[in-house]
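Got your viewer open and a selection box ready? Let's walk through this one stop by stop.

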Amino acid sequence: MHEIALRYGEGVTPLAGVLTMPEQLATEPPAFLILGAGIVHRVGPNRLHPSLARALADAGFVSFRFDFAGFGDCPPRRDALSLADGVASDVEETLDMLERRLGVGRFVVAGLCSGADNALRAAARDERVVAAVMLDPTVWRTRRWYLEHYGRRAVQPRIWRDVLTGRHPIWSELGERVGSRRGEEAAADAGEVAPPELFRTGYLERETMARDLSKVLARGTRLFTTFTGSWSPLYNYAGQLFDVFPQIDFGDRLRLAYRPETDHTFSDPMQRQRLLTEIVEWTRASDFAPGRSPRPPLRSAQASSGS
Amino acid sequence: MIPVIFGPPERPLLGTYHAAAGGARGGRAMLLCAPHGLEYTRAHRALRILADQLARERWHVLRFDWSGTGDSAGALEEARVERWLADLEAARAELEALSGVSRVALGGLRLGATVAALACRGDAPVPPALVLWDPVTDGAGYLRELGGEGAAGGEVEPTRISNAFATELNRIDASSLGRGVHAESVLVVWTRPSVDRATLERGLGEHGARVDVEEIDAPLAWTEEHDFGTGPIPGAVLQRIASWRA
């Protein structure tokens, strides 16, 4: 395995990333594109992205991780694109660069959190993306979520004791909601800045996500989706995704896992290794769509770093 | 910003080079040494912005990831102060080659600052300037702090410290850290109170270095802001460091 640092996109907005090359390529593999999560740079939370890249390389798969314009080691955008459009543009430009450099016409786009949503969006926009790895993507509560959530608590005597004695967090949450509404008004009056926009580039509407899911599945795109225990405020039972999107026939194109014992960044070494192994095995076993015929490479993938 | 991979082939390191404004080779160069673990992730933005500001002040700058961190090779469990000192020397050589500057200044944040100071002892090259931004001066206390984060529950990255690394960290204290440091001038920036600072500052000046000390009321760049996984940008600190006349 060896890695090459690349800088590209000089004509518009410079981008930079790390290409991880296996010593021996698997037969006709897709290449992986690993997207950033939130405003954390390309290494990802808890070094998730290099871990994934190197595990893929050990299995014969190429990968590339990069910073969106204005984040990590990339300077701010030079065009006037919005953040959401800028992210889409950066993904497309990166896929173009990899297609030319590697002579590959099929990609798996992977991401955590907002990166997961952007991976699905990339698949919906670009037929070269034959699969998406989505770790803790946007999801919505279902009726059963509430049953699971409150049902588990209803059988715990301690919970009832705390509610009746006023010590349960629900009382302070209720107070905060009342207070926060007033607080939000005060913050708005004071001109306080909302959290970074990047945290709002995830899917805001279920219908939009459903549309993208339907589009990619109709094209034969494969999906690897995992929800962790950290997502329990939104997702708390295996198979919830099917209830969120009952109108969608995922068929055999979705590999769905629910890992309540795992945290959002897969920080536990064993859980991390399990995830990496699952992604590699899924990649090896998947019958990916053909993508499109790659454009001829401009040069060998062994080009020097920084170019 | 130019990404570069350097160092020994068996353990490559990744860095980002910021050429000095104007593009000319020569002049001034500074190696920026990152913190460790979660602090590395949180402070990444702040250090990038600092590097940009230094570059505008006509410093050539190289930021890099220690072995076992970020995009560099190796596992976090393999981290050692001794290995990081070797990483620093590789990064110093890389910056000299990139910039054409033969004497490179050193700077760092938290444990990065501590290692930068350690790299100024003994027979090591004497840097023209040394910037220590909230250096870790109590290794045992730092370990307790990491253990506290790990014990806090929720989504915290377990900072996996090997016994060997813990032994090295336990040896770090303000008295031994400051003594023996050779640099022509030193800037120490404190944004968090340190009971050891007087001891450190006294030691830094023992060999005739000009020692400037700044206590700045600013957010802690290595702490998490709003659950974003990244830290705040202490503009006043970055401005002070970038404008410091070493």
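Which residues does B:Leu88 touch, not counting residues up to four places away in sequence? Select B:Leu88 and show what surrounds it: B:Leu31, B:Cys33, B:Phe64, B:Trp66, B:Leu106, B:Val115, B:Ala116 and B:Ala119. Keep in mind as you look around that this is a predicted model.

**Stop 1: around B:Leu88**

B:Leu88 belongs to helix H2 of chain B. With a relative accessible area of 0%, B:Leu88 is buried. For a distance label, try the C-alpha atoms of B:Leu88 and B:Leu106: they are 18 residues apart along the chain and separated by 9.3 Å. B:Leu106 is also among the residues that B:Leu88 touches.

**Stop 2: H2 against H5**

Stay on H2 of chain B, residues 81-99, and add H5 of chain B, residues 163-170. These two helices pack at an angle of about 80°, and their axes are 9 Å apart. H2(B) and H5(B) are therefore roughly perpendicular to each other. To see where they meet, pick B:Val81, B:Glu82 and B:Trp84 on the H2(B) side, then B:Phe165, B:Glu168 and B:Leu169 on the H5(B) side. Colour that contact by residue class and you get four nonpolar residues, two charged ones and no polar ones.

Next, step off H5 into the loop between H5 and helix H6 (174-178) of chain B, where you'll find B:Arg171. Is B:Arg171 buried or exposed? Its relative accessible area is 58%, so B:Arg171 is exposed. If you want another label, the C-alpha atoms of B:Arg171 and B:Ala113 are separated by 16 Å, with their positions 58 residues apart along the chain.

**Stop 3: two cysteines in chain B**

Go back to B:Cys33, one of the residues touching B:Leu88, and select B:Cys120 along with it. How far is the sulfur of B:Cys33 from the closest cysteine sulfur? The distance is 9.1 Å, to the sulfur in B:Cys120, which is too far for a bond. A disulfide would need the two sulfurs within 2.5 Å. Coming from the other end, the closest cysteine sulfur to that of B:Cys120 is the one in B:Cys33. Both residues are out of the solvent by the numbers: B:Cys33 is buried at 0% relative accessible area, and B:Cys120 is buried at 1%. Over all chains, the disulfide count comes to zero.

**Stop 4: B:Pro127 and its contacts**

From B:Cys120, hop to one of its contacts, B:Pro127. B:Pro127 is in the loop between helix H3 (111-118) and E6 of chain B, and it counts as buried at 0% relative accessibility. Leaving aside neighbours within four places in sequence, B:Pro127 is in contact with B:Arg103, B:Val104, B:Ala105, B:Leu106, B:Cys120, B:His182, B:Ala183 and B:Glu184. You've met B:Leu106 before: it is in contact with B:Leu88 too.

**Stop 5: positive phi, one in each chain**

Time for some backbone torsions. Most residues other than glycine have a negative phi. Select B:Asp134, in the loop between strand E6 (130-133) and helix H4 (139-150) of chain B. Phi of B:Asp134 is near 45°, a positive value in a residue other than glycine. At 2% relative accessibility, B:Asp134 counts as buried.

Now jump to chain A and select A:Cys113, in the loop between strand E5 (107-112) and helix H3 (114-125). What is phi of A:Cys113 near? It is near 60°, again positive in a residue other than glycine. A:Cys113 is partly exposed, at 23% relative accessible area.

**Stop 6: the rest of chain A**

Zoom out for a moment. Chain A has nine helices and eight strands, and 55% of its 307 residues count as buried. Of the contacts in chain A with a separation of 6 or more, 75% come from residues 24 or more positions apart.

Zoom back in on A:His264, in the loop between strand E8 (254-259) and H9 of chain A. A:His264 counts as buried at 10% relative accessibility. Show its side chain with that of A:Asp136: a polar contact of 2.7 Å joins them.

For the last selection, move into H9 (residues 269-285) of chain A and pick A:Arg272. Despite the charge class you might colour it by, A:Arg272 counts as buried, at 9% relative accessibility. Among the residues A:Arg272 touches are A:Pro45, A:Asn46, A:Arg47, A:Leu48 and A:Ser51, along with A:Thr265, A:Phe266 and A:Ser267.

Notes. Residues are numbered from 1 along each chain as its sequence is written. Chains are lettered from A and ligands numbered from 1 in the order in which they are written. This is a predicted model: local features need pLDDT of at least 70, side-chain atom pairs count only at pLDDT 80 or more; totals for chains, interfaces and linings use all residues. Side-chain values use heavy atoms; hydrogens and water are left out. Axes are lines fitted to C-alpha atoms, for helices over the stretch in contact, and angles run from 0 to 180 degrees between N-to-C directions. Helices (H or I, at least four residues) and strands (E, at least two) are DSSP runs, numbered from the N terminus. Angles under 35 degrees count as roughly parallel, over 145 as roughly antiparallel, 65 to 115 as roughly perpendicular and the rest as oblique. Contact means heavy atoms within 4.5 Å. Ala, Val, Leu, Ile, Met, Phe, Trp, Tyr, Cys and Pro count as nonpolar, Asp, Glu, Lys and Arg as charged, and the others, Gly among them, as polar. Buried means under 20% relative accessible area, exposed over 50%, partly exposed in between (1.4 Å probe, protein chains only). A polar contact is a pair of N or O atoms within 3.5 Å; within protein, one must be able to donate a hydrogen and the other to accept it, and residues adjacent in sequence count only if both atoms are side-chain atoms.
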